[in-house]
Structures are given as C-alpha cells and as structure tokens.
Amino acid sequence: MRIAISTGGGDAPGLNAVIRAATLSAIDRGWSVLGIKRGYAGLLGEDEVIMLTADSVRGIAHLGGTILRTTNRGNPFEFPVQRSDGSWQEIDRSGEILDNARNLGIEALISIGGDGSLAIAQRLVERGMRIVGVPKTIDNDVSGTVTTFGFDTAVQTAIEAIDKLHTTAESHDRVMVLEVMGRDAGFIALHSGVSGTADVVLIPEIPWRIENVCEAVMERDRRGRKFAIIVVAEGVRDVSGHESLIGASPPGQDRRVGGIAQRLATAIQDRTGKECRSMVLGHLQRGGMPTGYDRLLATRFGGAAAQAVADGKWGHMVALQTPNIVTVPIAEALKVPKRVDPNHDVVQTARAIGISFGD
Ligand code: F6P
C-alpha cells in the first residue's frame, strides 16, 4: 500500500504531529508514505512530492508549521490563472490531480485541512479519489468534532497576550483592545476572553453596538475600575452588518478581515474620552509550539487517520467526540459550519460574571 499526506489551508500548531503519527502508523503497517508539498501543488507539478520515512518525521511533533508546507490558494477545481491581459480566470485542474496521483501509485490520501481543504477533498472523493480527512483549524469552526488541534494553542497565545495587556492597562487606566483571529467564528475570542477575564468580548455570532461597548467601559469606570480589556474577533459585524475589511480579496482567496481593534479604540476614545490602545495578535496565534493538548489530539488524529485508511473510510474525516476519536462523513461535517451558540453555557456564564458582548 502506498499512501500520501497533504496539508492545506492556513497552518495550525499540531500539523507536524499529525504528519508524524500518520506516517509512523502507516510504516508500522508496512505501507510507504509520500508527502505532497504545499497543499495539492505537489500533484499539480507546481511543487514536489517527497518520500516520508521514520527519519523524515523524527523530532517534529513539538514544532509549529508543517514540514509539507501549505497554501490557502489554488483550489484545483477553481484554479486561478492570469490571462495575458492581466485579468483572472478559474480553471478546473482536478483531473491532473487524479492522473498524477495514479501515476505516482498513490492508493489513498490523508488530507489535513480546514473547511476549504475538506470541501476540496470531498469533491475529489466524488471523482473517485480515496481520501480520509483530518480537520485542522485554529478557529475551531469545523462541525462534527468537539475541537480541532491548533485551537488550544491559539487560545493559550491569546490568553498570554491578555494577561500582559492587563498589567499595562491597569497601570495607565487605559482601555486595551485586542484583536484575535476568527473570520466567521468567535471561539478564540470567547475562550481567551473569558479565561483572561476580559470586560468586553465581541464575536462574529453576536452583532454589537458601539454604545453598548462604551457603556460597559464607563460602567466599570463609575465603579472605580478605570481600565478595561476588550477582546474582539477580527470578523465581527456591528448591528448594521458592517465588518472591517482589508482591501479587496485577491482571486481564489477568502475575504481578508482586520483592523477592527484600531477602529474600535478610536471610537471608544472619541465617545468616552478614555485613553485607548489597540493591538492585533495576528499570526502569532498560528505560530509556535503546539500545547500538550494539541500535540496529543494531533497525534491521535494522525493514528486514527491511518486506521481509517486501513478501514477504507473514504470521504470520512477523523473527529473528536469525547472521549473517543471517531470518523464522520466529510459531507455531513461540512453541511453546517460550527459557530458559537449565543446560548451556550460559556456565553451565559460570561454574561453572568459581567462580560459584555456589546449587544
Ligand atoms: O482560518 C484560519 C485563519 O487563521 C483565520 O482565523 C484568519 O482570518 C485567516 O486564517 C488568516 O489567513 P491568512 O494567513 O491568509 O492571513
């Protein structure tokens, strides 16, 4: 048996631990393993395909990033190609993937990725490719699994930032606005905000109003708490549906959101007279060593993915359904994207302990 592994979409701490566990579990079964570089680029002749051996995955479980590299561009079904006049068109290159996989003797693929990569995997399965998925995203926005690896590390990074902002905010009686990742889902903001005892948490699932944010800050002020910590997910929308976009999205890429922290800080300062500062945590959340939780989850996912290949679970992804790792159809998992439930106990408790959601 010859299998291949690929990593697609934005990187997440724990990818290397999945690659290592899947590779070693495959070798343990007597299979050979190929690594497709940079998503599907290695199968489109735009990057390499390498052998993965016990040696090549040695000492990587604790490292962030991915030894296979990754990309969040180049969906093979809608591959962006620039015309001679500079305009862009999208072409279907999925046939090349199937042909090249066949020519390389790849009998099964373990595709590690977020909702975008899993959707591509599902379409390739429908075209006859034998694929098992491994859900990956720091945003924790894939359904069917309690959590994804990378999320815990990102939350930990955000909590460390909040802790540090706290001391300086308190020293200066300032309002600190921290922008964290989360284009459509507010899990990072919610979990880090509650754990870091923020005063206001704004998430994409709950539209906010500037008046309410300012009132939360001033209500604290009246109680003698002169500083405030606000954690805002980059993809929030206010009550009129406005989000903070960074320019136009390049072809074949998701919309880019960001800049809300600075806008919010300016608006709060203008309305309350309080001194405000903003900070964007950005890609620090995707970098660095995975936490112990993420390393273990990633390792379990890698081992389970090899088992799913052995069981012929094509079109399924591995998932955590505590306390077990199970497999679920990718199509099922993709049907409804995972979002923060505004009635979830974390939100309810946050409100009960005085955190404002700006609504
Ligand atoms: O989907 C993961 C994610 O980290 C989002 O939270 C964020 O909006 C996006 O990736 C950033 O992507 P890029 O690396 O292209 O800036």
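In this predicted model, Arg 286 makes a polar contact with the ligand. A polar side-chain atom of Arg 286 lies 2.9 Å from a ligand oxygen atom. Asn 72 also uses its side chain: a polar atom there is 3.0 Å from an oxygen atom of the ligand. Gly 182 contributes through its backbone instead, with a polar atom 3.4 Å from a ligand oxygen. On its own, the ligand has 400 Å² of accessible area, and the protein covers 79% of this.

These three residues belong to the shell around the ligand. Ile 138, Asp 139, Met 181, Arg 183, Glu 234 and His 283 are also part of that shell. By character, the shell comprises 4 charged, 3 polar and 2 nonpolar residues. The ligand takes up the space of the largest pocket.

The position of this site follows from the domain arrangement. The protein chain is divided into two domains, each made of two segments. Domain 1 spans residues 2-149 and 290-322. Domain 2 spans residues 152-286 and 341-352. Why does the ligand lie between domain 1 and domain 2? Both domains give residues to the shell around the ligand, so the ligand lies between them. Asn 72 falls within the 2-149 segment of domain 1, whereas Arg 286 ends the 152-286 segment of domain 2.

The domains also touch each other directly. In domain 1, 16 residues are in contact with 14 residues of domain 2. The centres of the two domains, taken over C-alpha atoms, are separated by 32 Å.

Methods:
Residues are numbered from 1 along each chain as its sequence is written. This is a predicted model: local features need pLDDT of at least 70, side-chain atom pairs count only at pLDDT 80 or more; totals for chains, interfaces and linings use all residues. Side-chain values use heavy atoms; hydrogens and water are left out. A residue is near a molecule or strand if one of its heavy atoms lies within 4 Å of it. A polar contact is a pair of N or O atoms within 3.5 Å; within protein, one must be able to donate a hydrogen and the other to accept it, and residues adjacent in sequence count only if both atoms are side-chain atoms. Accessible areas come from the Shrake-Rupley method with a 1.4 Å probe; for residues, only the protein chains shown count as cover. On a 1 Å grid over the protein atoms alone, a cavity is a set of points where a 1.4 Å probe fits but cannot get out, and a pocket is an open set with protein on both sides within 12 Å along at least five of seven lines; lining residues have an atom within 4 Å of a point. A molecule sits in a cavity or pocket if more than half of its atoms lie within 2 Å of its grid points. Ala, Val, Leu, Ile, Met, Phe, Trp, Tyr, Cys and Pro count as nonpolar, Asp, Glu, Lys and Arg as charged, and the others, Gly among them, as polar. Domain bounds come from an automatic or database domain assignment. Contact means heavy atoms within 4.5 Å.
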